[in-house]
Amino acid sequence: MKLVLLRHGESEANFQNYWTGWLDVALTEKGMQQATEAGRKMNEQGLVFDIVYTSVLKRAIKTSQLALEEMNQLYLPVQKTWRLNERHYGALRGLNKDYTRKLYGKKQVALWRRSFEAVPPLLEKPQSDRRYQKYPKTIVPRAESLKQASARIIPYWVDQVAPKVLQGKAQLIV
């Protein structure tokens, strides 16, 4: 049994130093190279997967595709779910991180980032995005604490990933 967690490669937001969360941003050229390199390294280790999971955000989807292509495993089933989206940073999304430290103070920003229960400033209204229309409106947060993000992710772990761990399936989560 293998379970590999792979973070997406460098995104435009990482490069430009702004908050993302559920904001859908592309990978940079460097991020695409990182994803390909991750695939190369997994291939060198002889990793063969049974299933792949990713969020519904293009930076994670593209990372999974590039890594799988490098491993000659593009044929694998890929389950995409909003439950694996990054934590929602609410009204901080799109703002430069250095600017937010100046605006709110380093301690407050650190609290939002690292506290389990602190919630960043809320969006005025939930984002409207076609990829979430088939779900109840309540799934789209206006911001999330780490506790709320965990509550979103854990049911997916319990229902989808853990049973396959117990079955000995090799899984990649991007």
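Let me start with threonine 20, which sits in the loop between H1 and H2. What I am showing is a predicted model, and everything I say about this loop and the rest of the chain should be heard with that in mind. Is threonine 20 buried or exposed? At 10% relative accessibility, threonine 20 counts as buried, because the cut-off for that word is under 20% relative accessible area. If we set aside residues up to four places away in sequence, threonine 20 touches Ala13, Val25, Arg59, Glu86 and Arg93.

The loop between helix H1, residues 12–16, and H2 also holds asparagine 17, and here the backbone deserves a look, since asparagine 17 has a positive phi of about 65° although it is not a glycine. With a relative accessible area of 23%, asparagine 17 is partly exposed. There is another asparagine to put beside it, namely asparagine 72, which has a positive phi of about 60° and is likewise not a glycine. Asparagine 72 belongs to the loop between H3 and strand S3, the strand at 78–80, and asparagine 72 is exposed, with a relative accessible area of 62%.

Let me turn now to the interior. The largest nonpolar core has 15 residues, and those that touch the most other members are Val4, Leu6, Met42, Leu47, Phe49 and Leu172. Helix H2, at 29–44, and helix H3, at 58–70, each supply at least two residues of this core. Which of the elements gives the most to this core? That is H3, with 3 residues.

To see this core from one of its members, take phenylalanine 49: leaving aside neighbours within four places in sequence, phenylalanine 49 is in contact with Val4, Met42, Met71, Gln73, Leu76, Ala170, Gln171 and Leu172. Another core lies apart from this one, and that other core has 7 residues, among them Trp22, Leu57, Tyr132 and Val140.

From the inside I move to the surface. Which residues form a nonpolar patch there? They are Met1, Leu3, Leu5, Ile154, Trp157 and Val158, and together they have about 600 Å² of accessible area. Strand S1, residues 3–5, and helix H6, residues 146–166, are the elements that give two or more residues to this patch, and H6 gives the most, with 3 residues. Leucine 5 is found in strand S1, and leucine 5 counts as exposed because its relative accessible area is 63%, where the word requires over 50%.

Next, helix H4, which covers residues 97–104 and whose N-terminal end is capped by asparagine 96: a side-chain oxygen of asparagine 96 lies 2.7 Å from the backbone nitrogen of aspartate 98. Just after H4 comes glycine 105, which takes a positive phi of about 95°. Aspartate 98 appears again in a salt bridge with arginine 101, in which the closest N and O atoms are 3.0 Å apart. Both arginine 101 and aspartate 98 lie in helix H4, 3 residues apart, about one turn of the helix. As for accessibility, arginine 101 is partly exposed at 27%, and aspartate 98 is partly exposed at 42%.

That brings me to the salt bridges more broadly. Side chains of opposite charge can pair when their charged atoms come close. How many salt bridges are there? The count comes to 8. One of them joins arginine 40 and glutamate 44, with the closest N and O atoms 2.0 Å apart. Arginine 40 and glutamate 44 are 4 residues apart in helix H2, so about one helical turn separates them. Arginine 40 counts as partly exposed, at 29% relative accessibility, whereas glutamate 44 is exposed, with a relative accessible area of 55%.

I will finish with aspartate 129 and arginine 131, whose side chains meet in a salt bridge at 3.0 Å, N to O. Aspartate 129 is partly exposed, with a relative accessible area of 21%, and arginine 131 is partly exposed too, with 26%. What joins Asp24, Asp129 and Arg131 into one network? Salt bridges that share partners do.

Definitions and conventions. Residues are numbered from 1 along each chain as its sequence is written. This is a predicted model: local features need pLDDT of at least 70, side-chain atom pairs count only at pLDDT 80 or more; totals for chains, interfaces and linings use all residues. Side-chain values use heavy atoms; hydrogens and water are left out. A nonpolar core is a set of buried Ala, Val, Leu, Ile, Met, Phe, Trp, Tyr and Cys residues joined through side-chain atoms within 4.5 Å. Buried means under 20% relative accessible area, exposed over 50%, partly exposed in between (1.4 Å probe, protein chains only). Contact means heavy atoms within 4.5 Å. A polar contact is a pair of N or O atoms within 3.5 Å; within protein, one must be able to donate a hydrogen and the other to accept it, and residues adjacent in sequence count only if both atoms are side-chain atoms. Patches are made of residues with over 30% relative accessible area and no salt bridge: like charges are joined within 9 Å, nonpolar side chains (Val, Leu, Ile, Met, Phe, Trp, Tyr) within 5 Å. Accessible areas come from the Shrake-Rupley method with a 1.4 Å probe; for residues, only the protein chains shown count as cover. A salt bridge is a side-chain nitrogen of Lys or Arg within 4 Å of a carboxyl oxygen of Asp or Glu.
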